[in-house]
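Got a few minutes to poke around a fold together? Have a look at the sequence and the model below, then we'll talk it through.

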Amino acid sequence: NGFQPVDTKIVSIGAGAFGSQVVNNLWRGGFGSWTIIDDDALEPHNLARHLLNADAVGFNKAYAVATTMASLYPESRATQSIGVNYLSPGVEDAKVTQALGQAEVVMDFSASVPVARQLANDTRTRVRRISAFLNQRGDESVILAEDAERRVDLGWLEAEYMRAICE
């Protein structure tokens, strides 16, 4: 695309309709070396908004998105997938911990309040965290992004978002 790739190490938590599209567009633009964490399988009803097509139905979303991304630039940057639930990775906990420890940014696309709250306090990584999701009506996107030094963390940003909704 005419730009030099930026190999920032990014962990994506969630590879659903919103997350798969954001990750896809950043990857196609040459941004990031990605590890995608998601335990969900692609189902037929996901196809209306998801990056993946019908060939991926039944496959783990993280694996299928990472495979699709790798096929776009097979000669370049790495993509990895970890097909587990971030909140309870079980036997893959060491892989999740390693990915978080090596990350330069962690992006949460899970649209899960428990995930965002756990991520805000996760001591396995010290890097900037971003939580992005669609509101419940699906007509607005919300991005809660910590500053690079994490002076204002996701917990505080969530509280400010809730206050703004109430007002």
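What follows is a set of questions and answers about this predicted model.

Q: How many strands form the open sheet, and in what order do they come?
A: The pairing in this sheet is mixed. Neighbouring strands are turned by 20 degrees against each other on average, ignoring direction. As for the count and the order, there are 6 strands, arranged β3-β2-β1-β4-β5-β6.

Q: Which strands stand at the edges of that sheet?
A: Look for strands with a single partner. A strand like that has one side left without a neighbour in the sheet, because nothing pairs with it there. The two that fit are β3 (79–82) and β6 (141–145).

Q: Which residue in β3 stands opposite I37?
A: Start with strand β2, residues 31–37, which is joined to β3 by 4 bridges. Those two strands run parallel. Across from I37 in β3 you'll find I82.

Q: What angle does the direction of helix α4 make with that of β4?
A: Helix α4 covers residues 113–120 and packs on the sheet. It touches β1 (6–13), β4 and β5 (128–134). Its direction and that of β4 make an angle of about 160 degrees.

Q: How many of the 7 residues of β5 are buried?
A: Strand β5 is joined to β4 by 4 bridges, and the two run parallel. One facing pair there is M107 with I130 in β5. The rest of the structure largely encloses β5, and the buried count behind that is 5 of the 7.

Q: Which side chain of opposite charge is nearest to D108, and how far away is it?
A: D108 sits in strand β4, residues 105–108. It is buried, yet it has no salt bridge. A salt bridge would need the charged atoms within 4 Å. The nearest candidate falls outside that: R117, 10 Å away.

Q: Which side chains make a polar contact with the side chain of D108?
A: There's no salt bridge for D108, but its side chain does make polar contacts. One goes to the side chain of S131, at 3.1 Å. Another, at 2.6 Å, goes to the side chain of S110. So the names to note, going by the 3.5 Å cut-off, are S131 and S110.

Q: Leaving aside neighbours within four places in sequence, which residues is D108 in contact with?
A: Among the contacts are V115, A116 and L119, and helix α4 spans 113–120. Others are I130, S131 and A132, and β5 spans 128–134. The remaining name on the list is I13.

Q: What separates the C-alpha atoms of D40 and K61?
A: D40 is in the loop between β2 and α2 (61–72), and it is partly exposed at 33% relative accessible area. Not counting residues up to four places away in sequence, it touches F59, N60 and K61. D40 and K61 are 21 residues apart along the chain, but their C-alpha atoms are separated by 5.9 Å.

Q: Is A111 buried or exposed?
A: A111 lies in the loop between β4 and α4. Its phi is near 60 degrees, a positive value in a residue other than glycine. Most residues other than glycine have a negative phi. With a relative accessible area of 58%, A111 is exposed.

Q: What is the phi of R150?
A: R150 lies in the loop between β6 and α5 (154–166). At 21% relative accessibility, R150 counts as partly exposed. It is not a glycine, yet its phi is positive, about 60 degrees.

How values were computed: Residues are numbered from 1 along each chain as its sequence is written. This is a predicted model: local features need pLDDT of at least 70, side-chain atom pairs count only at pLDDT 80 or more; totals for chains, interfaces and linings use all residues. Side-chain values use heavy atoms; hydrogens and water are left out. Buried means under 20% relative accessible area, exposed over 50%, partly exposed in between (1.4 Å probe, protein chains only). Lys and Arg count as positive and Asp and Glu as negative; His and the chain ends are not counted. A polar contact is a pair of N or O atoms within 3.5 Å; within protein, one must be able to donate a hydrogen and the other to accept it, and residues adjacent in sequence count only if both atoms are side-chain atoms. Contact means heavy atoms within 4.5 Å. Two strands pair if DSSP finds at least two bridges between them. Axes are lines fitted to C-alpha atoms, for helices over the stretch in contact, and angles run from 0 to 180 degrees between N-to-C directions.
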